[in-house]
Amino acid sequence: MSYQLAVEQLYARGHELAPPQPGAPRRKFDLAYMRRLMSELGDPQTTFPSVLIAGTNGKGSTAATLARVLTASGYRAGLYTSPHLERINERIRIGRELIGDETFAQFYFHVDDTSNRLVAAGELPQPPSFFEVMTAIAFLYFAEQKVEIAVLEVGLGGRLDATNIVEPVVSVITDLGLDHMDYLGPTLTHIAKEKAGILRRNGVMVTLPQHPEANYALGEVAVPLEVRGVNAAAYIPDRGLAQTSPFRNVYPLRVLGEDITIDAPLGGAHQQRNLALAIATAVELREHHDFAKITAGSIAVGIHQTEWPGRLELLTSGGMEFLLDVAHNPDGAWTLRSALGQLPESRPRTLLFSCLRDKAVDEIAQILFPLFDASADRVQDHIVLAPMMNPRAASIDDLKQAAVRLDIPATTAPDVAAAVEQARAVTPAGGLVIVTGSVYLIGDVRQILKKEM
């Protein structure tokens with residue numbers, strides 16, 4: 001059973017958000033299908049407790065931090081996230097270890113054979129999607145490896161997401177914003193209610209105060225279910241005490257009755273909210289769900305050891321510094337813009353940008369492109385646009401037109417590798433190349449840079 005064949009077959013299923021073939025209906029998602037598949041596979045997801053994390057921004061950072069805290073506390077903790085940057089195995093890990101190639105292939109073909117039998121018997125209307133198969137593999141792996149807890153990042157929305165067949169001991173909702181509106185609804189209220197689909201009757205919701213419209217919508221779902229809310233705001237530091245940079249957060253904090261120092265490699269002030277959610281969830285697990293090995297000290301250690309690439313990540317390659325950030329929606333773009341505001345104004349910088357066409361390309365451009373406007377007062381700055389090899393990618397013409405509409409100069413490259421070289425060539429010595437707009441772009445650029453490091 002070849003790993004390469006497993007990955008090829010998995011990608012051949014197509015991405016859930018990829019546009020359907022002309023005339024074909026959009027795929028219909030129903031948790032009943034996922035439940036039937038997992039029942040046939042022995043319901044592995046029932047063999048371990050789970051934390052389920054939904055939201056628009058910060059899900060992955062929160063999940064990665066919480067999983068590392070659990071690992072530092074001495075628990076065998078599984079982590080399931082999406083998408084990946086370079087290898088699909090990144091989505092499924094226990095502690096620091098990714099699922100192995102052979103194991104991945106073994107579980108892929110087991111899920112594939114099982115689902116084919118169910119489709120042939122008329123018990124499933126269609127083969128499971130890419131994400132449904134990945135989720136099934138994660139559940140099987142975590143069960144086989146006897147994890148003591150799994151941290152699961154929701155893929156899209158929450159209510160109909162494949163991960164939502166678990167019964168979470170804690171549900172976490174990160175910051176909400178407008179994204180995937182064609183799937184989740186046109187307003188923040190619609191989106192918040194879809195995300196709140198991960199809540200359970202008499203369950204627990206860890207979240208933070210956010211936009212009033214989102215707060216109200218979450219309350220409308222949570223109150224009838226008698227959900228106990230946990231406000232993570234107590235773990236957001238006093239602004240005067242926090243040492244924040246685009247590359248690190250350091251501040252004192254009182255947790256579980258002890259004073260500790262948070263020293264997080266996740267940079268930017270926005271990460272303080274994600275860290276607060278992870279800390280509040282860890283405290284909740286200790287105080288109400290029998291995870292007694294979690295201590296203030298293990299929380300500090302876990303946060304310090306967290307690795308989450310592509311989030312304000314600084315890499316040096318060929319003598320040039322590259323700042324990589326996966327900002328792929330307007331909220332993420334504003335967050336990146338805030339972080340860039342902490343950099344020296346005099347430092348030359350180049351933006352390497354690409355985006356998926358189902359994202360708010362024009363709005364993201366309006367937020368970021370003016371920071372690199374060589375026709376204004378940033379004469380040493382540049383914008384390089386790159387097409388991506390992805391069925392959802394915006395065309396180079398779409399990217400160019402976003403710059404034209406803003407009357408901001410930008411150049412184009414034929415592919416991502418050429419864009420990296422072009423950005424390197426036009427950026428003066430001591431300058432910085434900022435790469436952003438898509439998780440897929442960050443993954444491609446990381447692979448290119450790592451080969452040179």
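# A tour of two domains and their interface

Across the interface of domain 1 and domain 2 in this predicted model, the rule finds 2 salt bridges, and that boundary is a convenient place to begin. To see what lies on either side, colour residues 3-305 as domain 1 and residues 313-452 as domain 2. If you place a marker at the centre of each domain, taken over C-alpha atoms, the two markers will be 28 Å apart.

**The interface**

Next, select the residues of each domain that touch the other: the selection should hold 20 residues of domain 1, in contact with 24 residues of domain 2. Between them the two domains bury about 1,700 Å², and carbon and sulfur atoms give 58% of that area. Within domain 1, pick out Leu85, Glu86 and Phe247, since these three supply 33% of the area that domain 1 buries against domain 2, which is more than any other three residues supply.

Keep Glu86 selected and add Arg446, with which Glu86 forms a salt bridge; a distance drawn between the closest N and O atoms of this pair reads 2.3 Å. If you then look for polar contacts between domain 1 and domain 2, the count is 3 residue pairs, with both residues at pLDDT 80 or more. Colouring the side of domain 1 that touches domain 2 by residue class gives 9 nonpolar, 9 polar and 2 charged residues.

**Met134**

Now leave the interface and select helix 5, residues 130-144, where Met134 has its place. Is Met134 buried or exposed? Its relative accessible area is 0%, and Met134 therefore counts as buried, the cut-off being under 20%. Show the side chains around Met134 and, leaving aside residues up to four places away in sequence, you will find that Met134 touches Leu10, Tyr80, Ile88, Arg91, Ile92 and Phe104.

**From Met134 to Ser171**

To move on, draw a distance from the C-alpha atom of Met134 to that of Ile173, which lies 39 residues away along the chain; the separation is 22 Å. Then select strand 6, residues 170-173, and within that strand centre the view on Ser171. With a relative accessible area of 2%, Ser171 is buried. Which residues does Ser171 touch, not counting those up to four places away in sequence? The neighbours to display are Leu52, Ile198, Leu199, Val204, Met205 and Val206.

As a last view, show Met134 in helix 5 together with Ser171 in strand 6, and turn the model until the salt bridge between Arg446 and Glu86 can also be seen.

Technical notes
Residues are numbered from 1 along each chain as its sequence is written. This is a predicted model: local features need pLDDT of at least 70, side-chain atom pairs count only at pLDDT 80 or more; totals for chains, interfaces and linings use all residues. Side-chain values use heavy atoms; hydrogens and water are left out. Domain bounds come from an automatic or database domain assignment. Contact means heavy atoms within 4.5 Å. Buried area is the accessible area (1.4 Å probe) that two parts lose on being put together, summed over both. A salt bridge is a side-chain nitrogen of Lys or Arg within 4 Å of a carboxyl oxygen of Asp or Glu. A polar contact is a pair of N or O atoms within 3.5 Å; within protein, one must be able to donate a hydrogen and the other to accept it, and residues adjacent in sequence count only if both atoms are side-chain atoms. Ala, Val, Leu, Ile, Met, Phe, Trp, Tyr, Cys and Pro count as nonpolar, Asp, Glu, Lys and Arg as charged, and the others, Gly among them, as polar. Helices (H or I, at least four residues) and strands (E, at least two) are DSSP runs, numbered from the N terminus. Buried means under 20% relative accessible area, exposed over 50%, partly exposed in between (1.4 Å probe, protein chains only).
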